Amino acid sequence: VSRQLKEEIRRGFAGLEDPLAGLLAMLESSSDWKGKGHSLGYYITTELQLWIKEHPAVPQSGTQLKELQGRVLGILCQCPANLLDPLLSIYQLHTADRNYLLEHVSHLYLQGNYKEAATLSMKLKLQPDQDVEKMCTPLLLQDKVNMVEDYVADYPELQSKLLQILDTWCDPSFNIRDVTRPYHGLSRYKPEKFNRRTLSKLVFRLLDRFNVDPALCPNVINQRHLRTLNYLFYKRFVEKTMTEENWADHVQSTVGESHWLQGQLVQLLVRHCGGRAAARWARHWGVPADVLPPGLAEQPPEPHTPERIEEATKADNYKDSKKKDYYQLPIPRENIHFLQTWEEALQCWEKVLQPGQVVGVDMEWKPSFGMVGKPRVALLQMAVRDEVFLLDLPRLLQTAEEKGDKERLPQLIQRLYSDTAITKLGYGMSGDLSSLAATCSALRDTDKQLHGVVDLLTVDKQVDGLSPEHSHEERGLRQPEKGLSLLVQHVLGKPLDKTEQLSNWEKRPLREEQILYAASDAYCLLEIYERLCKDPESFGLSSDLRESLEQKQSIKSRAKKQLNKQEALSPSGQQCQGSRVEASRAPAAVSPREFSVVCDNMLQGLGRYLRCLGVDVRMLDNEDDHRKAAEIARQEGRVILTSGLPYQTLQSQVGEGRCFSVNCSEKAKEQALQVLKHFNVQVSLSDIFSRCQ
């Protein structure tokens, strides 16, 4: 606002006998202030608010102020948000009669102005005197969830009431139409947003935000536990990727003493295991007889039948096959140390905190299965060359607190993460650090003091073609690898065995399988880093791997640097296994019509560009496995064009020089020039658009 306009407005106030009445008369007779943005009415109102602070004798009192308050309430529902606070301040509505204000808000509500009624209630702090269900229901139906959260934000009692109401609506026997029926004519009504699933998510969000006892919401909690039970049975009996011990442990802790969940458990047992096995597990977990279906309680103990013995034999054979199918720790078992005392831990830290040390860091926690709260770290793994240290973090923190030295361990962890002379390797470190902060408040700002950290998760984003592959036939019907396991498979040749991933990591003592799993998760980071450092270009990474993964330069500039380095080594940009192509051995010139290729699915733009130049091109579809390119190349005599890690797999499946790795960060034109140069393809004008596009 210009200085001249401000001075004019203030002169106007000074000339009025009653500036408050004057402003109100102006607003009542004008409509420009009702729109969004900063209108003239907005500037006049905000200037009056400032002017009143400078002239404290101006505000009215008594009967005259009550009359002005009544009039201003009449226009508040038409106010844009930016005018609401100035008007409430100018006319001192916080001093008005509370019953009068509640009556006005009720009038707004009855007119269907639910949002305005809630907004005014929050501004005047009227919530404790209102019905939380009545005020929040229409807002939820209009998908104004944030406003509902704000409405109860400052009132713990209202938070609890709202959560109990939402939980009642989530009861499977509750007819949710009873809630929605009175509001069918509601404007901006979004019935698809008002269902048990959406409400259940809202309950968990509110429980977490307001730190309310989950016991207030038994329906939602039980439904979430039931989903967990279904998931556990799927993992155990359908996917078959969870051990019996892990499964039984999680089932027992999920069901607890809940009578309803015990009934659901028995039904799942009968469906997946049969009557006898269901009876055996029910006895094992101490399920009350009145929960069991008729006849199940009388089932005799399950004998060790030939089928069960055969199943146990298969399980033993499966364990033996792990060495063949999965990544194995290259260090002896005695070099894995499980540490629970301070004396043991200090010896570990002396080794880990050595300048120049490279440390693989990982963490484990008990799966939460979607329940409230962030997971707390139960095990901290640190791997250095030839050794792995497994720190029992809860035990060590408890011991330190008992000794009055609770800051000692957090200080050592912060020192590790902040020391530039120590390289820390991780995979998805932000999640680990978030859990670390939830475990120990002194570590809350660790993520702001990171130095010398290499997160190998960035490899997934920088290496082209890193995608889940189906397991080989000899490995059975295993799930496609993903995450760190996929990276280990691509770089080291075999995936991680993730059977223990969903273990109860808080339970002590840890089983031997858990110890080996935890050690492998940390130690494999060292081996991946070492392999990538030895030959980063073949994985599509910068030659300065640490700099690359710490993202000190953009991916694009890094890719150009990599391409330049490759071209200096050879005209192809390739580093073939066992030998390199020499510059003097350039292939004989060919025309585009004599050159046939198969493009991997991340290079479809390159494929279209080459086809424009007359090259015989086949392209994989998005859903095709990369290995299909090798089949097509062998059958039709084509050259494979791929990028990143798939090059490592594909180049070994075709003849030498029949697989080429393209720089995926370049545009299609630059990629095409790279291919044409490498294979000495000479394009003439007659070749361009000579093929069907």
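These notes go through a predicted model, from the whole chain to one sheet, two helices and a cavity.

1. Overall make-up. The chain has 693 residues, and its secondary structure comes to 30 helices and 10 strands. Of the residues, 47% count as buried.

2. Contacts along the chain. Take the contacts between residues at least 6 apart in sequence: 66% of them join residues at least 24 apart.

3. Surface. The exposed area of the chain is about 35100 Å². Carbon and sulfur atoms supply 49% of that area.

4. The sheet. Six strands form an open sheet with mixed pairing. Read across the sheet, the order is β1-β4-β3-β2-β5-β6. The strands at the edges are β1 (336-339) and β6 (453-455), and each of them pairs on one side only. On average, neighbouring strands of this sheet are turned by 20° against each other, with direction ignored.

5. One strand pair in detail. Which way do β2 and β5 run relative to each other, parallel or antiparallel? Strand β2 covers residues 358-365 and strand β5 covers residues 423-426; they run parallel and are joined by 3 bridges. To find this pair in the structure, look for G360, which stands opposite L425 in β5.

6. Helices across the sheet. Helix α19, residues 393-402, lies across β1, β3 (377-384) and β4 (387-391). Its direction is at about 105° to β3. Helix α20, residues 408-418, lies across β2, β3, β5 and β6, and runs at about 130° to β2. Strand β3 is thus named for both helices.

7. Cavities. The chain's count comes to 2 cavities of 30 Å³ or more. The second largest cavity holds about 30 Å³ of space.

8. The lining of the second largest cavity. Which helices each supply at least two residues of this lining? They are α19, α20 and α21 (429-439). Helix α20 gives the most, with 3 residues. The lining residues are L393, L397, L409, P410, I413, L436, T439, C440 and L443.

9. Tying the points together. Helices α19 and α20 come up twice in these notes. Helix α19 lies across three strands named above, β1, β3 and β4, and helix α20 lies across β2, β3, β5 and β6. Both helices also supply residues to the lining of the second largest cavity. When viewing the model, a reader can start from the strand order of the sheet, then locate the two helices that lie across its strands, and then pick out the lining residues, including L393 and L409.

Technical notes:
Residues numbered from 1 in each chain as written. Predicted model: local features only at pLDDT ≥ 70, side-chain atom pairs only at ≥ 80, totals over all residues. Heavy atoms only, no water. Pairing = 2+ DSSP bridges. Helix = DSSP H or I, 4+ residues; strand = E, 2+ residues; numbered from the N terminus. Axes fitted to C-alpha atoms, helices over the stretch in contact; angles between N-to-C directions. Contact = heavy atoms within 4.5 Å. Buried < 20%, exposed > 50% of the residue type's maximum accessible area, 1.4 Å probe, protein only. Areas by Shrake-Rupley, 256 points an atom, 1.4 Å probe, with all protein chains shown as cover. 1 Å grid on protein atoms, 1.4 Å probe; cavity = no way out; pocket = protein on both sides within 12 Å on 5 of 7 lines; lining within 4 Å. Points joined across faces, edges and corners; volume = space filled by probe spheres on them.
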